[in-house]
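Here is a walk through the pockets, the ring pairs and a few tucked-away side chains. Have the viewer open and follow along.

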Amino acid sequence: MGQVSFKKIMKHLLKDFIRITKFGIVIFVLLTASAGYFLSLNEISIFSTEIFLFFLVGLYLVSSGSFVLNQSQEWRLDQKMERTKRRPIARGSLSPLQGYVLAFTMIVFGGFLLFLLKPLTSFLALLTVFLYNVFYTLFWKKRLSHGAVFGAIPGALPPVIGYSLSNNNLFSTECVYLFLLMFLWQMPHFWSLAIRYKEDYNQAGVPVLPVIYGFQKTIYEMGFYMLAYVGLALISPLFLRAGLMYIFLLCPLVLKIIYEFYHYLNHQTKWLRFFLWINLSIIVYLSVPIMDKWFFYLVYE
């Protein structure tokens with residue numbers, strides 16, 4: 001009997017840990033940061049499995065700590081929203097103080113691990129935390145209808161963090177492309193969620209675009225950023241090497257995203273379909289330059 005209870009407790013703790021650290025989003029952060037790292041490498045770079053894994057652990061801790069800190073800051077807000085009220089601190093499973101202690105422990109330790117690898121990488125990771133947990137969480141999100149646009153700045157930094165691990169030139173065309181791609185993607189991604197959970201945000205007093213300006217204004221701006229996003233992907237050869245994957249994978253997906261946005265306009269209740277496709281697209285768009293770059297080196301060098 002005691003063994004069964006122990007298993008239940010451990011299962012409950014694991015679920016709470018996954019929720020409070022937003023494990024799924026952290027995995028996405030690690031994937032996008034990895035894309036930046038692999039794109040920064042060139043034919044003479046020596047890939048080190050140990051360094052890469054060390055980097056992933058450090059960034060995992062910083063990212064997870066940032067999300068724990070966010071929930072410690074916003075537990076009262078989370079209680080007002082149906083989508084977030086079951087988060088550990090919001091429902092009382094963990095106190096805000098415990099959340100703050102866990103958050104700062106993870107952020108400091110993760111930042112230290114990244115510093116051992118490269119101070120610039122650690123600085124960028126901690127800058128992302130500062131922009132997200134201070135500027136976005138405390139000011140932009142609560143006061144601006146277009147807070148998502150400003151919040152997209154820290155959201156676009158993970159590929160830059162990964163790129164910095166082996167390349168100091170953060171203003172290279174490759175790195176600039178990665179940042180802009182991630183930045184533009186976030187508006188159609190977030191505002192499709194904001195439309196779906198408009199009442200939640202309205203009840204919590206969060207001035208997201210759909211709450212302040214309604215569906216038509218939001219969908220117009222979503223379309224603007226979506227077209228800028230896929231347009232940037234189409235002109236990616238101006239920023240980096242393009243090849244077969246650009247032709248056979250990236251270009252068709254541009255047409256698919258435009259079609260799915262059109263479908264979303266005509267079937268507004270089927271928001272999830274567009275949401276999933278726009279999220280899949282960012283993984284593909286980040287992967288294509290890497291595949292084209294290394295296919296070129298393997299075949300032609």
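## Ground rules

Helices here are DSSP runs of H or I with at least four residues, numbered from the N terminus. With that in hand, Glu260 can be placed in helix H12, which covers residues 244-266. Bear in mind throughout that this is a predicted model.

## The largest pocket

Let's start with the open space. The largest pocket holds about 1300 Å³, and its lining is made up of 47 residues. If you want to centre your view on it, go to Lys22, Ile25, Phe67, Tyr132 and His189, the lining residues that lie nearest the pocket centre.

Which helix gives the most to this lining? That would be H9, with 7 residues. H9 spans 173-196, and other helices that supply at least two residues each include H1 (2-20), H2 (23-40), H6 (119-143) and H13 (271-300). H3, H7 (147-155) and H8 (158-164) are also among the helices that reach that mark. As for chemistry, the lining splits into 27 nonpolar, 12 polar and 8 charged residues.

## The second largest pocket

The second largest pocket comes in at about 160 Å³. Its lining consists of His12, Leu13, Asp16, Phe17, Ile20, Pro88, Ser93, Leu94, Gln98 and Leu102. H1 is the top contributor here, with 5 residues, while H1 and helix H5 (96-117) each bring at least two. By class, you get 6 nonpolar, 3 polar and 1 charged residues.

## Gln71, a buried side chain in H3

Now for Gln71, which sits in helix H3, residues 49-73. Is Gln71 buried or exposed? Its relative accessible area is 1%, so Gln71 counts as buried.

The Gln71 side chain has a polar partner: it reaches the backbone oxygen of Arg19 at 3.0 Å. Setting aside residues up to four places away in sequence, Gln71 touches Arg19, Ile20, Lys22, Asp78, Arg87, Pro88 and Ile89. Two of those names, Ile20 and Pro88, also turn up in the lining of the second largest pocket, and Lys22 is one of the residues nearest the centre of the largest pocket.

## Rings

There are 23 aromatic pairs in the structure. One of them joins Tyr37 and Phe52, which are stacked at 5.5 Å centre to centre with 15 degrees between the planes. Because Tyr37 belongs to helix H2 and Phe52 to helix H3, this pair ties together parts that are 15 residues apart in sequence. Tyr37 is buried at 4% relative accessibility, and Phe52 is buried too, with a relative accessible area of 12%.

Another stacked pair is Tyr132 with Tyr136, at 5.8 Å centre to centre and 15 degrees between the planes. Why are these two about one helical turn apart? They are 4 residues apart in helix H6, which means a separation of about one helical turn. Tyr132 counts as buried at 17% relative accessibility, under the 20% cut-off. Tyr136 is likewise buried, at 13%. Tyr132 is also one of the residues nearest the centre of the largest pocket. Finally, going back to Tyr37 and Phe52, they belong to one aromatic cluster together with Phe38 and Phe47.

## Glu260 and Ser236

Back to Glu260 in H12. What is its relative accessibility? It is 1%, so Glu260 counts as buried. Leaving out neighbours within four places in sequence, Glu260 is in contact with Arg273, Phe274 and Trp277. In sequence Glu260 and Ile278 are 18 residues apart, and in space their C-alpha atoms are 8.7 Å apart.

Ser236 lies in the loop between helix H11 (209-234) and H12. Although it is in a loop, Ser236 is buried, with a relative accessible area of 2%. A polar atom of its side chain lies 2.8 Å from the backbone oxygen of Ala233. Beyond residues up to four places away in sequence, Ser236 touches Tyr177, Tyr246 and Leu250.

Note on methods. Residues numbered from 1 in each chain as written. Predicted model: local features only at pLDDT ≥ 70, side-chain atom pairs only at ≥ 80, totals over all residues. Heavy atoms only, no water. Buried < 20%, exposed > 50% of the residue type's maximum accessible area, 1.4 Å probe, protein only. Polar contact = N/O pair within 3.5 Å; in protein donor to acceptor, adjacent residues only side chain to side chain. Contact = heavy atoms within 4.5 Å. 1 Å grid on protein atoms, 1.4 Å probe; cavity = no way out; pocket = protein on both sides within 12 Å on 5 of 7 lines; lining within 4 Å. Points joined across faces, edges and corners; volume = space filled by probe spheres on them. Nonpolar A, V, L, I, M, F, W, Y, C, P; charged D, E, K, R; others polar. Phe/Tyr/Trp six-rings, centres within 6.5 Å; stacked < 30°, edge-to-face > 60°.
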